[in-house]
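Okay, thanks for coming, everyone. Today I'd like to talk about charged pairs and cysteines. Let me put the sequence and structure up.

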Amino acid sequence: MRVLNGETICPPPIWLMRQAGRYLPEYRETRAKAGSFLDLCYSPEFATEVTLQPIRRYGFDAAILFSDILVIPDALKRNVRFTEGHGPEMDPIDVSGIEALKPDAVLGHLKPVFETVSRLRRELPQETTLLGFCGAPWTVATYMIAGKGTPDQAPARLFAYREPKIFAELLAFLADISADYLVAQIDAGADAVQIFDSWAGVLGETEFAAYAVEPVRRIIASVKSRRPKARIIAFAKGAGYMLRDYRQKTGADAIGLDWSVPLAFARELQKDGPVQGNLDPMRVVAGGKALTDGIDHILQELGQGPLIFNLGHGITPQADPAHVTTLVDRVRGWDRTR
């Protein structure tokens, strides 16, 4: 939280995207007990347990709520399901479906998530930051329109070109209910929140401004108008050079960086405030010198300013838990005066 307020801390705080996940044997055991993936997300008991597992094992500086960005379309009755080996699927939405969307029952459907947040805040060490999150409207919309993930999200891009007015309405609708969702997480005990725009990288300049920047700006403005002390991280994966003014245009307190962002550019972004990232998750899979060199390079380049150490995207199931121990120890043992 100190870094999110602009401080530089040595060594920097560390957490990992998807730190509660399939690379951990204790997660796989709990997942088997829970039933379906959504059952796990909606069970306060199981979701609390898997959120706490990496904190017990590694002592990360932040725990992130175990849930999924697609609980919003699930709450909108889009028949979301997760099939092993196929990823998320749902009923594709069309113009009439968008026009029929209603926000009334969304927060009620998501009450188990807020209960999980409250449990976590009670059970976590006081010094461990609790992060809530949501998906950015563009990324959530891509799944709603295609009914699944696609390599370059062409269905959503094509829909947006053909139906610009209704697509803008969908993004605004998702932004407003996402803001309500984040405020409810903050009220339940989240210390800060992150907005995940996992598919921002497929957008051109004009589209990025309309689909990635404006809806996230709308979310952040809404949250901060109601909870002025809220701290918000925005992560636009693959956005590259378009991150140059992303913080200023969205109002985010910190920006997450994927592993493709050059560290020289990251240093420029850091002059305006905290950055988070950006180790390649494959270095954690590889281990050894690939891992330690990657860690050291980020610390040397970004450790002189406000930094939250993280991966450039989520940890993968192939990662060795022992390599994560190496990662945490290496970051915690760093001394910028050496």
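So, when I say salt bridge, I mean a side-chain nitrogen of Lys or Arg within 4 Å of a carboxyl oxygen of Asp or Glu. And please keep in mind that this is a predicted model.

Let's start with Arg267 and Glu301, whose side chains form a salt bridge with an N to O distance of 2.0 Å. That pair links distant parts of the chain: Arg267 sits in helix H13, residues 263-270, and Glu301 sits in helix H15, residues 288-302, with the two positions 34 residues apart in sequence. What about exposure? Arg267 is partly exposed at 33% relative accessibility, and Glu301 is partly exposed too, at 25%.

Why would such side chains get together in the first place? Side chains of opposite charge can pair when their charged atoms come close.

Okay, how many salt bridges does the rule give us? The count comes to 22. Another one I want to show you joins Asp187 and Arg227, at 2.8 Å from N to O. Asp187 belongs to helix H10 (residues 164-188), while Arg227 is in the loop between helix H11 (205-226) and strand E6 (232-236), so this pair ties together parts that are 40 residues apart in sequence. On the accessibility side, Asp187 comes out at 47%, which counts as partly exposed, and Arg227 is partly exposed at 28%.

Then there's Asp245 with Lys249, a salt bridge whose closest N and O atoms are 3.2 Å apart. Asp245 has a relative accessible area of 22%, partly exposed, and Lys249 is partly exposed as well, at 46%.

And one group goes beyond a simple pair: Glu115, Arg119 and Arg122 are linked in a network of salt bridges.

Now, cysteines. How many disulfides does a search of the whole structure find? Zero. Take Cys134: the closest cysteine sulfur is in Cys41, and that is 15 Å away from the sulfur of Cys134, too far for a bond. For a disulfide, the two sulfurs would have to be within 2.5 Å, so that pair doesn't qualify. Is Cys134 buried or exposed? It's buried, at 1% relative accessibility. Cys10, on the other hand, is partly exposed, with a relative accessible area of 32%.

So, to wrap up: 22 salt bridges by this rule, and zero disulfides in the whole structure. Okay, over to you for questions.

Terms used
Residues are numbered from 1 along each chain as its sequence is written. This is a predicted model: local features need pLDDT of at least 70, side-chain atom pairs count only at pLDDT 80 or more; totals for chains, interfaces and linings use all residues. Side-chain values use heavy atoms; hydrogens and water are left out. Buried means under 20% relative accessible area, exposed over 50%, partly exposed in between (1.4 Å probe, protein chains only). Helices (H or I, at least four residues) and strands (E, at least two) are DSSP runs, numbered from the N terminus.
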